[in-house]
Amino acid sequence: MLDPTVRPDRPLPDLLREAAAHGVRLFQYRDKQATMREAYAKALALRQAASDAGALLIVNDRCDLAMAVNADGVHLGQDDLPIVYARQLLGPEKIIGLSTHNATQVREAVTAQPDYVGFGPIFSTSTKADHDPVVGLEGLRAARALTSLPMFAIGGITAESLGEIMAAGADGVAVISAILKAPDLGAAIRAFQQHVPTPDSQA
Ligand code: TZP
Ligand code: MG
């Protein structure tokens, strides 16, 4: 996930290009501070960079911004537009994700049918202010049991914890600090790739 407050020293499109060159295929533009006009300019640059790299770009929170830059989708929180209206706006082809933080929200997601759910925070994180209570691996296992929707775990995830996260039933992970704050982005991404469980290691 690309958040300008986490790496203010480097333009987001540069970070996208470098991460994409190391195999990241799905990016989310997350920006809680920019004005809409600023966010539009940044999202447009990211749209171009993602397309050039053959990667997907999802915009956090805002359907209007996602539509304005023809992003591949939007990631909605519990306080954002309901899925049904986002789907009406974006149409059937775009990706719509939903953040969930507890069993009740996962059950509601089963009814709302986003294309995927985010679930967390799994571990403690300083990246998101005022985040919901940490759910832990136990919470993730319980959430997994409630739905077959693709589930991305989020919150404090590192390469070292990837194995247990995947073993608890996540289909993937959403990561900010462990990659963006790393001095060497490529090495951080490789560490994640090396910890992806193989079918053998899960047996
Ligand atoms: N939602 C729940 S935790 C979180 C968000 C956006 C932040 C994840 O960032 P990090 O740095 O990977 O913990
Ligand atoms: Mg949000």
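Biologist: Let's start with β4 and β5. How many bridges join strand β4 to strand β5, and do they run parallel or antiparallel?

Modeller: Keep in mind that this is a predicted model. Strand β4, residues 95-100, is joined to strand β5, residues 116-119, by four bridges, and the two run parallel. For a landmark, find glycine 97: tyrosine 116 in β5 stands opposite.

Biologist: And the sheet as a whole? In what order do the seven strands come?

Modeller: Read across it and you get β1-β2-β3-β4-β5-β6-β7, an open sheet with parallel pairing. An open sheet has edges, and here they are β1 (26-29) and β7 (172-174), each paired on one side only. From one strand to the next, the twist averages 30 degrees.

Biologist: Now the helices. At what angle do the axes of α1 and α2 cross?

Modeller: At roughly 20 degrees, with the axes of α1 (residues 12-21) and α2 (residues 36-53) coming within 9 Å. Angles under 35 degrees count as roughly parallel, so that is what we call α1 relative to α2. As for handedness, α1 passes α2 in a right-handed crossing.

Biologist: Which residues make the contact?

Modeller: On the α1 side, look for Leu12, Pro13, Leu16, Arg17 and Ala20. On the α2 side, pick out Lys42, Ala45, Leu46, Ala49, Ala50 and Ala53. Sorted by type, the contact of α1 with α2 has nine nonpolar residues, no polar ones and two charged.

Biologist: I'd like to check the backbone too. What should I expect in general?

Modeller: Most peptide bonds are trans, and most residues other than glycine have a negative phi. Here you can look at one exception of each kind.

Biologist: Where is the cis peptide bond?

Modeller: Between glycine 120 and proline 121, with omega at about 5 degrees. Proline 121 sits in the loop that runs between β5 and α6 (136-144).

Biologist: And which residue other than glycine has a positive phi?

Modeller: Try aspartate 61, whose phi is near 75 degrees. Aspartate 61 belongs to the loop between β2 (56-60) and α3 (63-68).

Biologist: Last stop, the ligand. How many residues surround ligand 1, and which are the closest?

Modeller: There are 14 around ligand 1, and the closest are Thr125, Thr127, Gly155, Ile176 and Ser177.

Biologist: How does that shell divide into nonpolar, polar and charged residues?

Modeller: The shell around ligand 1 has six nonpolar residues, seven polar and one charged. Set that beside the contact of α1 with α2, where no polar residues appear.

Notes: Residues are numbered from 1 along each chain as its sequence is written. Chains are lettered from A and ligands numbered from 1 in the order in which they are written. This is a predicted model: local features need pLDDT of at least 70, side-chain atom pairs count only at pLDDT 80 or more; totals for chains, interfaces and linings use all residues. A residue is near a molecule or strand if its C-beta atom, placed from the backbone, lies within 6 Å of it. Ala, Val, Leu, Ile, Met, Phe, Trp, Tyr, Cys and Pro count as nonpolar, Asp, Glu, Lys and Arg as charged, and the others, Gly among them, as polar. Two strands pair if DSSP finds at least two bridges between them. Axes are lines fitted to C-alpha atoms, for helices over the stretch in contact, and angles run from 0 to 180 degrees between N-to-C directions. Angles under 35 degrees count as roughly parallel, over 145 as roughly antiparallel, 65 to 115 as roughly perpendicular and the rest as oblique. A crossing is left-handed if the near helix is turned anticlockwise from the far one by less than a right angle, and right-handed if clockwise. Two residues are in contact if their C-beta atoms, placed from the backbone, lie within 7 Å.
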